[in-house]
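Q: Please give me a close look at a single part of this model, worked outwards from one residue. Keep the sentences short and state the cut-offs.

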Amino acid sequence: MLTADTNADLLDPASWKKAPQPLFRQSPENGVYGTGHNSFFKSPDGKEWYILYHARDTQVDPPGMGDTRSPRAQKIEWKADDYPVLGTPYPKTMRLKKPSGTKVK
């Protein structure tokens, strides 16, 4: 994650500080590899935040299969200082609760 001071010149590369560790990374213990290309969205009622990303179930794509990453989503939290707490990627088999405010049919 990159951060800059509020009044920094964002066009100056020296204004940016890089976190020493990624905030979100693969989870071999959960069988999740190649995480990336994330975005964020809120639940229908705006009370919860989620990360949308892609990942694969193997360390490398099987020969001849192309990119096997699939889209995944999970709930996140925020620290008091507005930094995200993204957690650990869940296994693809984990069932998630519906986002708050989801209409039930």
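A: Start at Ala-55. Leaving out residues up to four places away in sequence, Ala-55 touches Val-32, Tyr-33, Gly-34, Thr-35, Thr-68, Arg-69, Ser-70 and Arg-72. Contact here means heavy atoms within 4.5 Å. The model is predicted: local features need pLDDT of at least 70, side-chain atom pairs count only at pLDDT 80 or more, and totals for chains, interfaces and linings use all residues. Numbering runs from 1 along each chain as its sequence is written, and side-chain values use heavy atoms, without hydrogens or water.

Ala-55 also belongs to the largest nonpolar core, together with Phe-24, Val-32, Ile-51, Tyr-53, Ile-76 and Leu-86, 7 residues in all. Strand S4 gives the most to this core, with 3 residues. Such a core joins buried Ala, Val, Leu, Ile, Met, Phe, Trp, Tyr and Cys residues through side-chain atoms within 4.5 Å. Buried means under 20% relative accessible area, exposed over 50%, and partly exposed in between, with a 1.4 Å probe and protein chains only. Strands are DSSP runs of E, at least two residues long, numbered from the N terminus.

Now the pairing. S3 and S4 run antiparallel to each other over 6 bridges; pairing takes at least two DSSP bridges. One bridge joins Phe-41 to Tyr-50 in S4. The two strands form a hairpin with 6 residues between them. In that turn, Gly-46 has a positive phi of about 75 degrees.

The second largest pocket draws on these strands. Strand S3 (33–42) and strand S4 (49–56) each supply at least two residues of its lining. S3 gives the most, with 5. Phe-24, Ile-51, Tyr-53 and Leu-86 are among the lining residues, and these four names also appear in the core. The lining has 8 nonpolar, 4 polar and no charged residues. The pocket holds about 150 Å³. A pocket is an open set of points on a 1 Å grid, where a 1.4 Å probe fits, with protein on both sides within 12 Å along at least five of seven lines; lining residues have an atom within 4 Å of a point.

Beyond S4 comes a loop. Gln-59 is found between S4 and S5. Gln-59 counts as exposed because its relative accessibility is 59%.

Definitions and conventions
Grid points are joined across faces, edges and corners, and a volume is the space filled by probe spheres set on the points. Helices (H or I, at least four residues) and strands (E, at least two) are DSSP runs, numbered from the N terminus. Ala, Val, Leu, Ile, Met, Phe, Trp, Tyr, Cys and Pro count as nonpolar, Asp, Glu, Lys and Arg as charged, and the others, Gly among them, as polar.
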